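Hi,

Here is the structure I promised to pass on. Have a look, and my notes follow underneath.

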Amino acid sequence: MSRNIEQSAVACDGGIDGADIDAVATALADADHVVALTGAGVSTASGIPDFRSEGGIWDEFDPAEFHYSRFKSDPEAFWDRRIDMHEAVYGGDIESNRAHEALATLEHRGLLDAVITQNIDGLHREAGSESIIELHGNAERVVCEQCGRRTDARPVRDRVEAGELPPRCDTCDGVLKPDVVLFGEQLPRTALQRAQEHAREADVFLAVGSSLSVEPAASLPRSATRSGATLVVVNLEETPVSASAEYEFRADVTEVLPAVVESVDW
Ligand SMILES: [Zn+2]
């Protein structure tokens, strides 16, 4: 507990405690199973606007227009707005950042077993991560509602912009849906189970850039610590599990993660 107080004091100075960076690097090197959970803070560092915060995407767009029931009842209108939202979210030059790259490096060097992500932008894969569990799907894919076939979303968006409303599957003519969890849809069961297994198995659990305020993200670090994992939280603001974190960095993910990678004694 004293460490948390100490960390808060450090955060007030806007610095990152080098001794704690070293300690996290050592913990990663010593662990058998390491898992990272990533949230919006990892994407915003790539220029992707936050959805939930004030002035975020849901201030500009009505969430009701992106509900699964809306998709089912009026896929034309759904896709028409979806293209506008995609432009608002990803219209800039979006690239993976140093936090994505640091996690990919840890995985390639055998120190990270899985990235569980709440993000749908596909930037972990772009940065080179391979063991990725996407809790909310991936906006760079579409899925056919009829035959379940998944394909690249880019050519489909082009077709929508060219007037194909709604876009349809090349194989079975079913209506295509962004391969993301829409409001009113269940999380993918397999992804959720795999995430929970990784959390229970983890010796070190890194919670990175997530407010940890929505399920299932909120319960994964709790599950990990119940199983004895060392919890490391990297987030600009306090989280509901900050008090049980062994190391907490209230700092930018693009500074903390590369510093940890740098500090590992390879
Ligand atoms: Zn199909």
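Below is what I found, going from the whole chain down to one strand.

First, a caveat: this is a predicted model. The protein comes out with 12 helices and 9 strands. For 266 residues, a compact globule would have a radius of gyration near 18 Å, and the 19 Å found here agrees with that. The C-alpha trace spans about 60 × 35 × 30 Å along its principal axes.

On packing, 49% of the 266 residues count as buried. If you take the contacts with a separation of 6 or more, 66% of them are between residues 24 or more positions apart.

As for the surface, about 12500 Å² is exposed, with carbon and sulfur atoms supplying 43% of it. You may want the charges for your setup: there are 23 positive and 49 negative ones, and the mean positions of the two sets lie 8 Å apart.

Now to strand E2, residues 114-117. Ala114 and Ile116 point one way from E2, Val115 and Thr117 point the other way, and all of them are buried. E2 pairs with strand E1 (residues 34-38) in the parallel sense, over 4 bridges. It also runs parallel to strand E3 (residues 132-134), joined to E3 by 3 bridges.

Ile116 is a handy residue to centre your view on. Leu37 stands opposite Ile116, and in E3 the bridge partner of Ile116 is Ile133.

Shout if anything looks odd on your side.

Cheers

How values were computed:
Residues are numbered from 1 along each chain as its sequence is written. This is a predicted model: local features need pLDDT of at least 70, side-chain atom pairs count only at pLDDT 80 or more; totals for chains, interfaces and linings use all residues. Side-chain values use heavy atoms; hydrogens and water are left out. Helices (H or I, at least four residues) and strands (E, at least two) are DSSP runs, numbered from the N terminus. The radius of gyration is taken over C-alpha atoms; the globule rule is 2.2 Å times the number of residues to the power 0.38. Buried means under 20% relative accessible area, exposed over 50%, partly exposed in between (1.4 Å probe, protein chains only). Contact means heavy atoms within 4.5 Å. Accessible areas come from the Shrake-Rupley method with a 1.4 Å probe; for residues, only the protein chains shown count as cover. Lys and Arg count as positive and Asp and Glu as negative; His and the chain ends are not counted. The place of a charge is taken as NZ of Lys, CZ of Arg, CG of Asp or CD of Glu. Two strands pair if DSSP finds at least two bridges between them.
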